[in-house]
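User: I'm new to this structure and would like to know what stands behind the words used for it. Could you take me through some of them?

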Amino acid sequence: MEYFAQQLINGLTLGSIYGLIAIGYTMVYGIIGMINFAHGDVFMVGGFLALIVYLALVSLGITFVPLALMIVLIVAMALTALYGWTVERVAYRPLRGSFRLAPLISAIGMSIFLQNYVQVAQGPRVKPLPPVVTGGYQFGVPGGFGVNISNVQIIIIATTVALMTGFTLLVAKTPLGRAQRACEQDRKMASLLGVDVDRTISLTFVIGAALASVAGLMYLLYYGVVDFYIGFIAGVKAFTAAVLGGIGSLPGAMVGGLLIGLIETFWSAYFSVEYKDVAAFSILIVVLIFMPSGLLGRPEVEKV
Amino acid sequence: MTVAEHDAVTRSEPPAFAAALRDAFVAALIALGLAAPMMGLMATPGPEGLKLEPHWQRVAIAVAVVFVGRLILNLTIWRPGVRKPKTANSPRTDAMLARIAKLLAPAAIVIAVALPFLPGVERYTVDLGILVLTYVMLGWGLNIVVGLAGLLDLGYVAFYAVGAYSYALLAQHFGLGFWICLPLAGILAAFWGVILGFPVLRLRGDYLAIVTLAFGEIIRIVLLNWYWFTGGPNGIGQIPRPSFFGLEFKPGPDGFAATFGLQFSGLHRIIFLYYLILALALITNFVTIRLRRLPIGRAWEALREDEIACRSLGINTVTTKLTAFALGAMFAGFAGSFFATRQGFISPESFVFMESALILAIVVLGGMGSQFGVAIAALVMIGGFELFREFKDYRMIVFGAVMVLIMVWRPRGLVSSRTPSVFLKEKKTIAGALVQEGHG
């Protein structure tokens with residue numbers, strides 16, 4: 001039982017990270033209908049930027065951890081958002097209205113570019129960071145295994161919940177959210193009614209990249225290591241999560257992220273670590289066979 | 001057009017140079033924001049953990065390049081504030097390109113056939129030719145799935161892997177030769193194509209893309225972890241080399257060289273492999289061209305254009321999709337078993353997602369549906385890739401950037417026109433813009 005609870009907590013932590021990345025995929029897909037393949041690499045860039053900002057703060061003498069993390073969070077979000085904006089501006093905006101595979105190939109090119117750009121700029125070696133946040137709580141019977149919740153896990157889950165709440169409010173209540181939902185339904189009509197479509201799409205990329213950079217920071221805190229290759233695997237998993245939850249649906253992305261995180265953790269805990277990705281992907285395939293539009297997605301309407 | 005741009009046009013035109021300068025300055029500022037943390041501060045592992053190492057020089061260079069580049073572009077190609085109306089390539093250009101392609105194609109085949117015997121051609125060139133032709137074949141195979149049937153497949157490399165492992169395992173366990181294994185590998189890969197095809201029959205568009213990607217990853221992970229069967233990450237070595245219809249390429253009385261009265265040379269096998277892959281690639285091309293004229297080929301293209309119309313007209317979409325998957329996979333299987341026999345060693349390393357992306361990029365960059373365009377794209381990408389081998393990491397950066405640039409420049413690929421397979425009176429080329437691809 002303790003083992004189960006422990007895996008549940010680990011799974012939720014991992015799922016939160018996937019969910020934060022998945023939102024970027026699902027938002028972009030909802031609004032312009034393309035797979036932003038470079039999003040996983042934007043997450044990786046976010047992780048690196050968080051590391052660099054943290055190291056810069058340490059060398060400036062700011063070692064009070066909560067303050068440092070706060071600054072890292074904000075600066076990394078801003079810098080990664082700039083990357084997200086530039087990627088959209090350079091690689092996707094000129095292809096607006098072009099046929100469907102063109103942005104996808106452009107995105108794959110961008111993904112290769114970002115990966116190797118970071119590798120050249122930061123060197124190919126893995127960057128290990130000693131634990132920044134330590135300690136935690138233990139529950140359960142003395143003498144038994146007990147259930148550990150580390151402070152990092154609490155931070156990750158709490159930040160995700162806070163961001164999700166804020167983000168849901170943003171989409172539901174603000175003019176920007178309204179513009180986003182309008183563009184999602186009908187881009188041409190929205191622009192006729194005075195919504196600046198280009199700006200809305202840019203802001204979507206900015207928000208997606210900012211959330212991805214939070215995920216990057218979480219990854220750095222949780223695993224204590226970043227390298228230029230983490231973007232691909234995390235990106236594919238997060239995209240799987242977005243599809244599983246129903247692409248285009250924001251709660252779906254979060255649910256899908258949590259599910260993928262839980263499946264992966266439980267599979268590694270009870271069966272085999274090697275095949276955890278196979279488990280996640282197989283569940284994706286099975287879900288899609290029986291529910292072709294994902295768990296929470298709207299069914300695709302076929303128009304003649 | 002945004003309000004600011006509108007104002008800029010209706011009011012007096014600002015001096016072009018000042019506007020260009022301001023725009024370049026903004027671009028440089030953004031480049032500074034991007035480059036300063038990532039390129040300026042390098043996290044280097046030291047004795048006391050990570051430390052930041054300043055590299056401001058690189059930032060300065062990057063910002064300067066962006067500033068000067070943007071300024072030059074602003075003054076020559078782009079005019080700030082004036083947006084060029086977006087048009088597709090004019091049908092005339094497309095028709096001309098298609099005609100050039102038609103003339104060049106036979107010439108290209110002649111050059112390809114003569115290549116090993118041209119003066120000044122060394123072993124390295126022939127090796128490079130083999131590599132390029134492998135990708136040409138894979139591109140043509142994927143073209144059936146993506147270009148003709150319009151099914152976006154991101155896990156094509158899985159079938160390549162199935163072909164390669166089929167040959168390697170059959171040869172290892174049953175001692176079968178290359179010529180028996182080649183069709184077997186094709187059949188097995190086609191079988192896996194059908195297995196993948198079944199669950200994805202109901203999926204459309206991007207769901208299909210992600211499921212094929214997942215399938216490709218599953219195959220790779222299984223190959224990586226199924227130690228006793230596939231050798232895991234160590235792969236399979238000592239895969240037998242192909243024989244010249246039974247004659248081995250070896251020194252000695254019963255070898256290829258002795259039988260034909262030639263001096264033994266290691267080059268013989270390379271040249272033979274070259275012709276083997278050339279023949280396989282041309283067969284792929286020939287089959288594709290002929291299939292497009294058969295009912296099944298027309299059904300594929302109809303499926304790509306409109307699935308609902310297809311179903312209403314009584315086309316069986318199940319068999320149509322499955323045959324496209326199976327045939328595409330079969331050619332990948334052939335290419336895979338060729339790859340295994342050429343390398344003599346295979347491991348899951350060779351079948352990563354990047355390979356799928358590369359093959360898809362070849363198909364799309366070349367212009368989907370255009371056989372010649374795919375061949376050119378394979379030549380340029382793989383050839384260029386090999387030529388700049390010394391630059392290592394930089395070459396991948398350039399590779400990614402070029403992919404983006406080509407898409408921005410010609411979203412429909414290099415040769416983006418095609419000849420219709422059915423026509424009423426005269427044959428006209430169709431501009432790529434009129435053809436919907438990849439809507440799945």
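User: What share of the 440 residues in chain B is buried, and what makes a residue count as buried?

Analyst: Buried residues are 42% of chain B's 440 residues. The model is a predicted one. A residue earns the word when 20 or more other C-beta atoms lie within 10 Å of its own, so each residue in that 42% meets this cut-off.

User: Which residues of α2(B) are buried, and what do they pack against?

Analyst: They are B:A20, B:A24, B:A28, B:A31, B:L34, B:A35, B:P37, B:M38, B:M39 and B:G40. In chain A they pack against α2 (39–60), α3 (65–92) and α4 (101–122); in chain B their partners are β1, β2 and α3 (56–76). One of these buried residues, B:L34, is also where α2(B) has a kink of about 30°, shortly before the proline B:P37.

User: How do you know that β1(B) and β2(B) are paired?

Analyst: Pairing takes at least two bridges, and β1(B) and β2(B) have six, in the antiparallel sense; therefore they count as paired. As one example, B:A43 has B:L52 in β2(B) as its bridge partner. The two strands form a hairpin with two residues between them.

User: How many residues does the largest nonpolar core have, and why is it said to lie between domains of chain B?

Analyst: The largest nonpolar core has 215 residues. Domain 1 (3–76) and domain 2 (91–434) of chain B both contribute residues, so the core lies between them. Chain A takes part too: its helix α8 (residues 197–223) gives the most to this core, with 15 residues.

User: Which residues have the most contacts inside that core, and what is B:I362 in contact with?

Analyst: Those with the most contacts inside the core are B:I362 and B:A378. Setting aside neighbours within four places in sequence, B:I362 is in contact with B:Y135, B:G139, B:V374, B:A377, B:A378 and B:M381. Contact here requires C-beta atoms within 7 Å, so each of those residues meets that limit with B:I362.

User: How many residues of chain B are in contact with chain A, and what classes do they belong to?

Analyst: On chain B there are 52, in contact with 58 residues of chain A. α8(B) gives the most to the side of chain B that touches chain A, with 12 residues. By class, that side has 37 nonpolar, eight polar and seven charged residues.

Definitions and conventions:
Residues are numbered from 1 along each chain as its sequence is written. Chains are lettered from A and ligands numbered from 1 in the order in which they are written. This is a predicted model: local features need pLDDT of at least 70, side-chain atom pairs count only at pLDDT 80 or more; totals for chains, interfaces and linings use all residues. A nonpolar core is a set of buried Ala, Val, Leu, Ile, Met, Phe, Trp, Tyr and Cys residues joined through C-beta atoms within 7 Å. A residue is buried if 20 or more other C-beta atoms lie within 10 Å of its own, exposed if 12 or fewer, and partly exposed in between; C-beta atoms are placed from the backbone. Helices (H or I, at least four residues) and strands (E, at least two) are DSSP runs, numbered from the N terminus. Domain bounds come from an automatic or database domain assignment. Two residues are in contact if their C-beta atoms, placed from the backbone, lie within 7 Å. Ala, Val, Leu, Ile, Met, Phe, Trp, Tyr, Cys and Pro count as nonpolar, Asp, Glu, Lys and Arg as charged, and the others, Gly among them, as polar. The bend at a residue is the angle between axes fitted to the seven residues ending there and the seven starting there.
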